[in-house]
Amino acid sequence: MSAAHDVLRVEHLTMRFGGLVAVHDLSFNARHGEITALIGPNGAGKTTVFNCITGFYQPTEGRIALQYGDPSMWQRLDQLTAGSQQSRVRRDSGLFLLERMPDHAVARHARVARTFQNIRLFRGMTVLENLLVAQHNPLMRASGYSIFGIFGLPLFRKAQRAAIDTATHWLETINLIDRADDPAGDLPYGDQRRLEIARAMCTDPVLLCLDEPAAGLNPRESAELSELLMSIRDRHKTAVLLIEHDMSVVMQISDHVIVLDYGEKISDGTCDEVKNDPNVIAAYLGVEQEEVEQVATEVGL
């Protein structure tokens, strides 16, 4: 697929914490309408990469660019980098340098949504309210920051109906419409995971970053998660960037896989290319590449 379809470009990303190099010279792309998986052993630097992309960390070195709308905006990337601005926006298109932006601006303006390893729902709110609160920004703008909402003016009522329609769509998608009025904290664990992803999708992201969404799920719940993520990719054409340790999920749904080990990229390609890469097998087995064949035979791979 051509570079014109890229949503995210990570170029020569390095993140140091004092003398510790957590990520070193990492480059990869994520594309429109694809699921890209970032995998590797524990401590490989995957969550650090997510924190840099989503604005929680400012990288030590490197460029992280995101584009949506007209792909020709990529032609302005070097010009944008040479200046002091964070972004270029025109009509329904935008180009952003995420390494220059704080987390709230990455979410709101660059339209990057994220979930975390630990579920962060508003447990005391209802299932429906969790999806409505995700649409807080457009609702506040439509309310004139309170006054239009207080008087129930048409602009606010229209935005309110649209927010409820969006929330209803996602509740139907994740089969939780019958539990819309239940507290989110009362849902089973797998349903909470899917609700958290639906809440992220209510922000209309161009890039959805998921940090270990299958953690703690049983096989049935993992299958439901995989179906949801493939639906997001295929129906909404949202780019998905995924950190995951469940290789059955990764290999079933991913279009593109990047493998990290000790903060460096050791493989980049399709699922078949990556799972047969001796560097990847060595990293997961904890052996040198020269020992892969012997150890793989011993453990029955």
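## Helix 1 and the antiparallel sheet

In this predicted model, helix 1 lies across three strands, namely strand 1, strand 2 and strand 4. Against strand 1, helix 1 runs at about 115 degrees.

Those strands belong to an open sheet of 5 strands, ordered 2-1-4-6-5 and paired antiparallel. Strand 2 (20-31) and strand 5 (87-90) sit at the edges with a single partner strand each, so one side of each has no neighbour in the sheet. From one strand to the next, the twist averages 10 degrees. Looking inside the sheet, strand 1 and strand 4 run antiparallel and are joined by 5 bridges. If you want a spot to check on screen, try Thr-14, whose bridge partner in strand 4 is Glu-61.

## Aromatic pairs

How many aromatic pairs does a search of the whole structure find? The count is 3. One of them is Phe-17 with Tyr-57, an edge-to-face pair at 5.3 Å centre to centre, with 75 degrees between the planes. Phe-17 comes from strand 1 (residues 6-17), while Tyr-57 sits in the loop between helix 1 (46-53) and strand 4 (61-68), so this pair ties together parts that are 40 residues apart in sequence. Both rings belong to partly exposed residues: Phe-17 has 35% relative accessibility, and Tyr-57 has a relative accessible area of 31%.

Tyr-68 and Phe-96 make another pair, and here the planes are at 25 degrees with the ring centres 5.7 Å apart, so the pair counts as stacked. Tyr-68 is in strand 4 and Phe-96 in strand 6 (residues 93-97), so the contact links parts that are 28 residues apart in sequence. Are these two residues buried or exposed? Tyr-68 and Phe-96 are both buried.

## Charges over rings

Tyr-68 has a charged companion as well: Arg-111 lies over the face of its ring, 4.8 Å from the ring centre. There's a second arrangement of this kind at Trp-74, where the charged end of Arg-9 sits over the ring, 3.9 Å from its centre.

## The mixed sheet and helix 9

Now for the other open sheet. It has 6 strands in the order 7-8-9-3-10-11, and the pairing is mixed. Strand 7 (112-115) and strand 11 (264-269) are the edge strands; each has a single partner strand, so one side of each is left without a neighbour in the sheet. Ignoring direction, neighbouring strands in this sheet are turned by 15 degrees against each other on average.

Which way do strand 3 (residues 35-39) and strand 10 (residues 256-261) run relative to one another? They run parallel, with 4 bridges between them. Ala-37 stands opposite Val-257 of strand 10. Strand 3 also has a helix lying across it: helix 9 (residues 219-236), which crosses strand 8 (207-211) and strand 9 (239-243) too. The angle between helix 9 and strand 3 is about 135 degrees.

## Helix 8

Helix 8 (residues 189-201) has 13 residues, which at 1.5 Å a residue should span 18 Å; its end C-alpha atoms are 19 Å apart, in agreement with that. How many of the 13 residues in helix 8 are buried? The answer is 12, so "mostly covered" is a fair description, since buried means under 20% relative accessible area. The buried residues of helix 8 include charged-looking names to pick out on screen, among them Asp-191, Arg-193, Arg-194, Glu-196 and Arg-199, alongside Leu-195, Ile-197 and Met-201.

Key
Residues numbered from 1 in each chain as written. Predicted model: local features only at pLDDT ≥ 70, side-chain atom pairs only at ≥ 80, totals over all residues. Heavy atoms only, no water. Pairing = 2+ DSSP bridges. Helix = DSSP H or I, 4+ residues; strand = E, 2+ residues; numbered from the N terminus. Axes fitted to C-alpha atoms, helices over the stretch in contact; angles between N-to-C directions. Contact = heavy atoms within 4.5 Å. Phe/Tyr/Trp six-rings, centres within 6.5 Å; stacked < 30°, edge-to-face > 60°. Buried < 20%, exposed > 50% of the residue type's maximum accessible area, 1.4 Å probe, protein only. Lys NZ or Arg CZ within 6 Å of the ring centre and 35° of its normal. Expected span 1.5 Å × (residues − 1).
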